[in-house]
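Here's a quick briefing to go with the model below. Have a look around first, then use the notes as a guide.

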Amino acid sequence: MTEDARDEVDRLVAAWRAERPDLDVEPLQVLSRVSRLAKHLDRARRAAFAEHDLEPWEFDVLTALRRAGKPYELSPGALLRATLVTSGTMTNRIDRLAQAGLVRRRPDPEDRRGVLVSLTDPGLARVDAAFDDLLRRERELLSGLETADQRTLASLLRMLLTPFDSPL
């Protein structure tokens with residue numbers, strides 16, 4: 001490997017190997033890179049959302065509704081499961097999104113006590129534009145890899161993540 005091809009992780013691994021030759025620092029080769037990439041991805045996501053006047057949590061709720069398909073609505077309970085937040089947090093988020101005109105509540109016709117949360121037209125337009133921008137930025141992050149390499153990396157990461165994503 002040439003000096004130009006070395007990254008910050010190569011430098012920190014080399015330093016740890018010199019300082020602690022008694023330790024196997026090989027996990028740093030993968031996980032430090034994943035961690036650093038996650039920081040770059042977080043910056044790209046926040047920039048995409050900010051460009052469309054959205055916070056990450058707003059994007060999460062709006063995309064959960066968008067993925068539900070027409071009529072782009074879910075119960076608050078389904079939104080809880082999709083976004084992994086508490087009931088109180090979700091109520092607050094729905095209130096704020098409704099005040100911004102991005103979602104609306106309506107009575108659930110199948111449950112007298114329930115409500116459904118749906119995207120408004122402005123909410124749909126905003127989440128679609130933000131998602132388009134996010135995908136453009138994510139493609140830029142992956143531009144150093146050929147399509148086949150991206151698929152290989154996705155497969156390897158899936159193997160690594162599957163045990164963590166499995167239901168308990």
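Contact here means heavy atoms within 4.5 Å. With that in hand, take Glu-51: setting aside neighbours within four places in sequence, Glu-51 is in contact with Asp-133 and Arg-137. Keep in mind that this is a predicted model. The protein has seven helices and three strands, and the notes below go from the overall build to the pockets and then to single residues.

**Overall build**

- Reading from the N terminus, the elements come in the order α-α-α-β-α-α-β-β-α-α.
- The radius of gyration is 21 Å, well over the 15 Å that the globule rule gives for 168 residues, so the protein is more spread out than a compact globule.
- You can see that in the C-alpha trace too, which spans about 65 × 35 × 30 Å along its principal axes.
- Of the 168 residues, 27% count as buried.
- The accessible surface adds up to about 11700 Å², and carbon and sulfur atoms own 54% of that.
- Looking at contacts between residues at least 6 apart in sequence, 47% join residues at least 24 apart.

**The largest pocket**

- The largest pocket has a volume of about 980 Å³.
- Its lining takes in 22 residues, and the ones nearest the centre are Leu-37, Leu-41, Leu-142, Leu-153 and Leu-157.
- The elements that each give two or more residues to this lining are α2 (27–51), α6 (121–141) and α7 (147–165).
- Helix α2 has the largest share of the lining, at ten residues.
- Sorted by class, the lining holds twelve nonpolar, five polar and five charged residues.

**The second largest pocket**

- About 210 Å³ of space sits in the second largest pocket.
- Lining the second largest pocket are Ala-38, Leu-41, Asp-42, Arg-45, Arg-46, Phe-49, Pro-56, Phe-59, Asp-60 and Leu-134.
- The elements giving two or more residues to this lining are α2 and α3 (56–67).
- Once again α2 turns up: it gives the most to the lining of the second largest pocket, with six residues.
- By class, that lining has six nonpolar and four charged residues, with no polar ones.
- Leu-41 is worth a click, as it is among the residues nearest the centre of the largest pocket and also lines the second largest one.

**The end of α2 and the loop after it**

- Glu-51 lies in helix α2, and at 52% relative accessibility it counts as exposed, because the cut-off is over 50%.
- Glu-51 and Ala-130 are 79 residues apart along the chain, with their C-alpha atoms separated by 7.7 Å.
- Asp-53 lies in the loop between α2 and α3.
- The phi of Asp-53 is near 55°, a positive value in a residue other than glycine.
- Asp-53 counts as exposed, at 60% relative accessibility.

**Other backbone spots to check**

- Lys-70 and Pro-71 are joined by a cis peptide bond, with omega about 10°.
- Pro-71 lies in the loop between α3 and β1 (73–74).
- Leu-84 is another residue other than glycine with a positive phi, near 55°.
- You'll find Leu-84 in the loop between α4 (76–83) and α5 (87–99).
- Leu-84 is exposed, with a relative accessible area of 74%.

**Two more residues to look at**

- Ser-118 lies in strand β3 (residues 115–119).
- With a relative accessible area of 2%, Ser-118 is buried, because the cut-off is under 20%.
- Not counting residues up to four places away in sequence, Ser-118 touches Leu-65, Pro-71, Tyr-72, Glu-73, Leu-102, Val-103 and Arg-104.
- That list includes Pro-71, the residue joined to Lys-70 by the cis peptide bond.
- Arg-17 has its place in helix α1 (residues 8–19).
- Arg-17 counts as partly exposed, at 39% relative accessibility.
- Leaving aside neighbours within four places in sequence, Arg-17 is in contact with Val-25, Glu-26 and Gln-29.

Terms used:
Residues numbered from 1 in each chain as written. Predicted model: local features only at pLDDT ≥ 70, side-chain atom pairs only at ≥ 80, totals over all residues. Heavy atoms only, no water. 1 Å grid on protein atoms, 1.4 Å probe; cavity = no way out; pocket = protein on both sides within 12 Å on 5 of 7 lines; lining within 4 Å. Points joined across faces, edges and corners; volume = space filled by probe spheres on them. Helix = DSSP H or I, 4+ residues; strand = E, 2+ residues; numbered from the N terminus. Nonpolar A, V, L, I, M, F, W, Y, C, P; charged D, E, K, R; others polar. Rg over C-alpha atoms; globule rule 2.2 N^0.38 Å. Buried < 20%, exposed > 50% of the residue type's maximum accessible area, 1.4 Å probe, protein only. Areas by Shrake-Rupley, 256 points an atom, 1.4 Å probe, with all protein chains shown as cover.
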